[in-house]
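Q: Please take a close look at one part of this chain, the sheet and the core that goes with it, and set it in the context of the rest of the fold.

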Amino acid sequence: MTRRHQGHMNGEQYLANTSPSKREVHDLDNEKTACQIDEIIRAGHDKPYTSRQAANRDGYDNCAHCIGGSTR
Ligand SMILES: [Zn+2]
């Protein structure tokens, strides 16, 4: 349950899953095991964001586990 410095991540709070079947953004400061962040990084689908709104603007939905599922 921590920010990452691996894959494409360099300590940013938000991680977007670029997998075409997922397209979700996660809040690493509120990470849940259901988010499977390490699996996302291992698959190379991690994209860092410092702002959740920026990820939403890029078309990523909020993760239901760590953010709550709304897009705002
Ligand atoms: Zn999540």
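A: What follows goes from the whole chain to the sheet, then to the core, and last to some individual residues outside the strands.

This is a predicted model, in which local features are reported only at pLDDT of at least 70 and side-chain atom pairs count only at pLDDT 80 or more, while totals for chains, interfaces and linings use all residues. Residues are numbered from 1 along each chain as its sequence is written.

The chain has two helices and four strands, and from the N terminus on these elements follow the order β-β-α-β-α-β. Helices (H or I, at least four residues) and strands (E, at least two) are DSSP runs, numbered from the N terminus. The C-alpha atoms fill a box of roughly 25 × 20 × 20 Å along the principal axes. The radius of gyration, taken over C-alpha atoms with a globule rule of 2.2 Å times the number of residues to the power 0.38, is 10 Å, which agrees with the value near 11 Å for a compact globule of 72 residues. Of the contacts with a separation of 6 or more, 66% join residues 24 or more positions apart, a contact being two residues whose C-beta atoms, placed from the backbone, lie within 7 Å.

The four strands form an open sheet in the order 3-1-2-4, with mixed pairing, where two strands pair if DSSP finds at least two bridges between them. Strand 3 and strand 4 (61–62) are the edge strands, each pairing on one side only. Strand 1 (residues 14–17) and strand 2 (residues 24–27) run antiparallel and are joined by four bridges. Within this pair, alanine 16 stands opposite valine 25 of strand 2. Leaving aside neighbours within four places in sequence, alanine 16 is in contact with Val25, Lys47, Tyr49, Ala55 and Tyr60.

Alanine 16 also belongs to the largest nonpolar core, which has 13 residues; Tyr14, Leu15, Ala16, Val25, Tyr49, Ala55 and Cys63 touch the most other members. Strand 1 and helix 1 (37–42) each supply at least two residues of this core, and the largest share, three residues, comes from strand 1. A nonpolar core here is a set of buried Ala, Val, Leu, Ile, Met, Phe, Trp, Tyr and Cys residues joined through C-beta atoms within 7 Å. A residue is buried if 20 or more other C-beta atoms, placed from the backbone, lie within 10 Å of its own, exposed if 12 or fewer do, and partly exposed in between. Buried residues make up 28% of the 72 residues in the chain.

Outside the strands, threonine 50 lies in the loop between strand 3 (46–49) and helix 2 (52–57), and it is exposed because 10 other C-beta atoms lie within 10 Å. Beyond its neighbours within four places in sequence, threonine 50 is in contact with Glu12, Gln13 and Tyr14. Arginine 23, in the loop between strand 1 and strand 2, has a phi near 55°, a positive value in a residue other than glycine, and is partly exposed, with 15 other C-beta atoms within 10 Å. Glutamine 36, in the loop between strand 2 and helix 1, likewise has a positive phi of about 55° although it is not a glycine. Alanine 64 is found in the segment after strand 4; its C-alpha atom is separated by 9.5 Å from that of alanine 34, 30 residues apart along the chain.
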